[in-house]
Structure formats: C-alpha cells, structure tokens
Amino acid sequence: MKSNMQVRSIEIHDTLTIWNPDKIRKITDFMVRHNMNTLIFHENDIVDKVVYPSLLFTEGQKDKNIYDIYRNIYGEIYDRTPSPFVFHDEKPIFAELLRSIVKIAAEKGIRVFLQSKELWFSDLIYESSVAHDGVVCPSDSFWWDRYLPQKYGELYACLPELSGVIISTGTRESRASLAHGKCGCERCRNFSQDEWQEEIIMSIYRPTKEAGKQLVVRDFTYYADEQEGIRAGMLKLPEDIIVSVKNTPQDFYPTFPDNALIGRTGDREMWIEYEVMGEYFGFGVMPCILIDDIRRRIRHGLANGAKGFTLRVDWEALPSHSAFDTVNVLNVYAGAMLSQDPDMPAQEIYRAYLEEYRLYGPGLSREAREDCTKALMEILDGTWSVMKKTVYMHDFLFSSNSKIPADIRHGDFLSKEHHGLQKWFPERGHDLDMTKENVASLLEEKDEALREIGLLYDRIAAGNPGLAPDFYSRLVSQFEMYRLYVEMFRATSRVYLMVKGVEVLQDKRQAYEALKELQDVEERIGRYRFPVFAYPGSVLLCHDKIHGFRMDAIRQLEQIY
C-alpha cells in the first residue's frame, strides 16, 4: 500500500470563484503552503465558454487559434445567433480571462484541469442533423467523428497551459447522454452504454493525447447498473486514461459505504473525490467536521491503489460560498494533510488551521494554546454525530442538499428514489420501512440529535477556551443556529413519520402535536435574525419552505383523520 496520495487536488465548483483571479490566488497560496499540486475547475460548460467550436459555423475550418477562427466565422455569428455579443462574439475575452487564471496556478507549479460534462453544446446544435423534434440524438457518429475532436483540439490550442481535462459522460446532468434515454430513436435504443462511453471518451482522448495532456474519466451515475456500464466501458480504454471515483456511489453522502468502484478500474491511475464544504451536511453554516471519516476514506483508497485525492470545496448551486469561508475549512486541512500522512494526529490539523487563520486569542502561552486546541476539538468532533442524526434517517438522506424536503412526497423521493441508499446496497432496502420499531427508532434518532446539539451548545457557550474573541463569538452564534436547525429537522421529520407511519401509529393526538411543534418552529424562524451567515443560513432556515411543508402535511393528515 502506498503511504500517501501523490496527486492532491482542490476542486472548485462555484462559477463565481472559478472566474475570480483574486480568489484563485488565495486558494493557490493555500495549496502551495500545504503541498497540494492539482487544481480542478468544475463547470459543466466551461469548455464551451472558450471554444466555438468552429465546425458549427463553417465546414473545413483548419485553424485552431481562437482569433483566426473568429476572423473566418464572424459573419456567420452575426447571421445565426440572436445575441452574438453575449454568447459568441465575446468568447476570446473569456478565453483570455481563463488563460490568465490558469497561469496563476501554473506559475506556482500547480497543474490545472477543466472538468465538464459531455455531451455539452450550444443551441446551434438544434439546427443540425443530430437534432429532431427538439431532442438531440447522442448516438449519432457526428459527435465522435467530428464534433468532440474539433472541440477539444481548439481547447488545447486556446489554453496550452492546461494539464488536461476531466469528463463525466454517464451523468444525467449533461445536455445529452445515452443515460438520459430522451432521444428514443432505434439506434439509441440498441446502443450499449459501454460502447457509447468508449466512442465519446476516445474522441476526446485522441486530441488530448496529441496535445500532450491527460484525460481523466469521472464516475458519476445514479444507478448501480449504469455504473457497471460505465466500468465496462472504462476497462476497454487505454491504460493512460485516469479514472476519478467519488468516495461514495452517486454523490457525497458521508453515511454511505465506500464506492464499490474503488479498486475495480483495472491498472490505470485512480483518484478519489471527497466533498468538504457540506452540500449534504449543513454548508459549514452548521459546523460539521469529518476528520475521522476523511482519514478512513484516504486509507481505504490507498489500500485499493488510489494515487490521488480531490477535495471539492464549494458547490455550483450555492454561489459565493466555500469551505474556506467557514469552520468546515478544517475538512480542507484534513484532506490536504492526511493525504500526505494518513496517521497525522487530528490535533496537528486543528493547530495548523488555528495558526494560519490567526484564531488563537492574543497573548496565549504555548501550553494555553494546546489547551485551547483540545477544548475546540472536543466540541467540533461531536458535530458529525449531530448532523448524521439530523439530515439522515437510518443513514438514508432526508434532505434536499441540506434543506428540508418541499413536502411529504418530496421526502419520499429524496430518501428512497433520488438518493436512495438501497439503490446501491440492496441489503439496506428495508431500513426505512414504516414498521412500529423503525418509526420509534427514527423518532429517537431525532430526539438524540437535539440532546447532542444542546450539550455542544452549552459547552461552547460556557466560556471562551482561548480563541480570538470575534471567532469565538461567531462559533457561539453558529451553534445557536445549529440548535435551531436540528429543531427544524426534528419537527419536520416527526410530521413526516406521523403521515408515513400512520398504519402502525394510528395516533391522531401525536400527529397534531407534531404539527403544532412544526408550526412553533416555523414562527420562530420567521422572527429569527441571523447573527452570522445570513446567506446561506437563510437557505437552510427558511420560514417559507417550512410553511409549504406544513400546509402539505395538514392536507394529508386531514385526509387520514
């Protein structure tokens, strides 16, 4: 087993950060301090923002320089696009901006990869032969014979400082994919997932190889059978193609077991992806420290031949917010430091964070700093136990990206269909059955979360252990918000269980008591003034969303009783 990860990456998913040179400088400074060597810009259409490609406008175009391309196609741009100044005429400006940003990292010895989802394209595709009745056909050979080779050839000519690209082809988040099943033509119906995957990837691999860059293929699927199709396609690929695998299947759920694809990608280089901001555990607005889990996942990856570990520090749907903005940056420190030494004590991780962010109080002795570090650890180490019992039910996700469900049916969809644990681990298929025993256990789970957050809040509010006063005040405010967040999820979960578990409960009084509790939480949040993180705190503690959930529950309970 390797002793450390050789590729140590930061992945940026927030568009506003990717295109902000000042933010990139700060992140790359952190990377240099912590010996990280790879930066990933993850935006679904990032390649399409700086590439035309020219074949959409003219046949036989041989130039790959973006200015030569523009010189030959500007007439077509004006004739065929409704708003050329925004979408096409200004692509060279985006290209120059991205080139300058890539250089910030490259000049510090940091490799840069662009991560996108394919198939992606401009609306001009709908004027071509690969579209019919408003649907794009993903199995037309146009994609691998012409479109993708041209697109990626132009990309590398535009950005020679790039180290390569990372692509997802099996995801339903692309504009077109065989996984969508939207086309429905006879060719799509008979095209196997692994063959399609091979055609798409090889058409990107060839211009990537020619440019001396690296191609990374990413696992991102919603169902186990789709993942097996992706794997079958991967195993046919050249062995110099790297495979990037999420630490858990489908998405970054800390309650899920390890992704079964880890260690099953042949002899090719493998990276493991891990999310640290908190898309599924409170955005860092509610502190949630995962050092123990990060350590275990790194050790598991190394034991199965992984060479790289990637930390995603933000999320595309939550603009202008990052792990670097919250105490959850401890998860970034953990990933950066443990990927180099999985045995590093947690106290060293906390100490590095507190020192670099200058969060110790003034004038503390070395001994007092150590006592302060230990006191903070004892509080923050308990935050995952609270979160696990708050936004999950028996390890099944019961949240919409850390938010409460929109209504009762949405709660079902999230936990059992969209994010269903049983899709990947069939042995867990009955863990959410509404039996009397399960309902009682789930109700106790939510009560335990409330007890635990109460104890953590009391400990942090009891007195400053030696932290900088502003930081200590912010932490106390965050735990105050966390306690309200747990109360909100507890009340929402109780109402959900009263509706879904009605056959075993048959308790009208308890159901309406749960509704009253939810109404009380709704009214308190309606009056709440956020002491810190008004955004995105208001996304998580949202009066209007609670009201919609409660109204839906009232309608359903009235039908039941």
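Student: On the other side of H2 from its buried residues, which residues are called exposed, and what makes them so?

Tutor: In this predicted model, Asp 22 and Lys 26 are the exposed residues on that other side of H2, and the word applies because exposed stands for over 50% relative accessible area.

Student: Which residues of H2 are called buried, and what does the word require?

Tutor: Ile 24, Ile 27, Thr 28, Phe 30 and Met 31 are buried in H2; the term requires under 20% relative accessible area, so each of these residues falls below that cut-off.

Student: How do you know on which side of H2 they lie?

Tutor: They cover an arc of only 150° around the axis, and therefore they sit on the same side of H2. The general background is that an α-helix has 3.6 residues a turn, so residues three or four places apart point the same way.

Student: What do the buried residues of H2 pack against?

Tutor: Their partners are E1, helix H1 (15–18), strand E2 (38–42), helix H6 (91–106), H12 and H13, where a contact calls for heavy atoms within 4.5 Å.

Student: How do you know how the span of H2 stands against the expected one?

Tutor: H2 has 13 residues and reaches 18 Å from its first C-alpha to its last, which is close to the 18 Å expected at 1.5 Å a residue.

Student: Why is Asn 20 said to cap the N-terminal end of H2?

Tutor: A side-chain oxygen of Asn 20 lies 3.0 Å from the backbone nitrogen of Asp 22, and because a polar contact needs a pair of N or O atoms within 3.5 Å, this pair satisfies the distance limit. Following H2 comes Asn 35, whose phi is positive, near 55°.

Student: What makes helix H12 "mostly covered"?

Tutor: Of the 10 residues in H12 (residues 329–338), 10 are buried, among them Val 329, Tyr 333 and Leu 338. The cover over these buried residues includes strand E1 (7–12), helix H2 (21–33), helix H11 (291–303) and helix H14 (366–380).

Student: Which strands form the barrel, and how do you know that E1 and E10 pair?

Tutor: The 8 strands close in the order E1-E2-E3-E6-E7-E8-E9-E10, with parallel pairing, and the twist averages 25° from one strand to the next. E1 and E10 are joined in the parallel sense over 5 bridges; since pairing asks for at least two bridges, these two strands qualify. Within that pair, Ile 10 stands opposite Leu 311 in E10.

Conventions: Residues are numbered from 1 along each chain as its sequence is written. This is a predicted model: local features need pLDDT of at least 70, side-chain atom pairs count only at pLDDT 80 or more; totals for chains, interfaces and linings use all residues. Side-chain values use heavy atoms; hydrogens and water are left out. Buried means under 20% relative accessible area, exposed over 50%, partly exposed in between (1.4 Å probe, protein chains only). Helices (H or I, at least four residues) and strands (E, at least two) are DSSP runs, numbered from the N terminus. Axes are lines fitted to C-alpha atoms, for helices over the stretch in contact, and angles run from 0 to 180 degrees between N-to-C directions. The expected span of a helix is 1.5 Å times one less than its number of residues. The arc is that of the directions from the helix axis to the C-beta atoms. A polar contact is a pair of N or O atoms within 3.5 Å; within protein, one must be able to donate a hydrogen and the other to accept it, and residues adjacent in sequence count only if both atoms are side-chain atoms.
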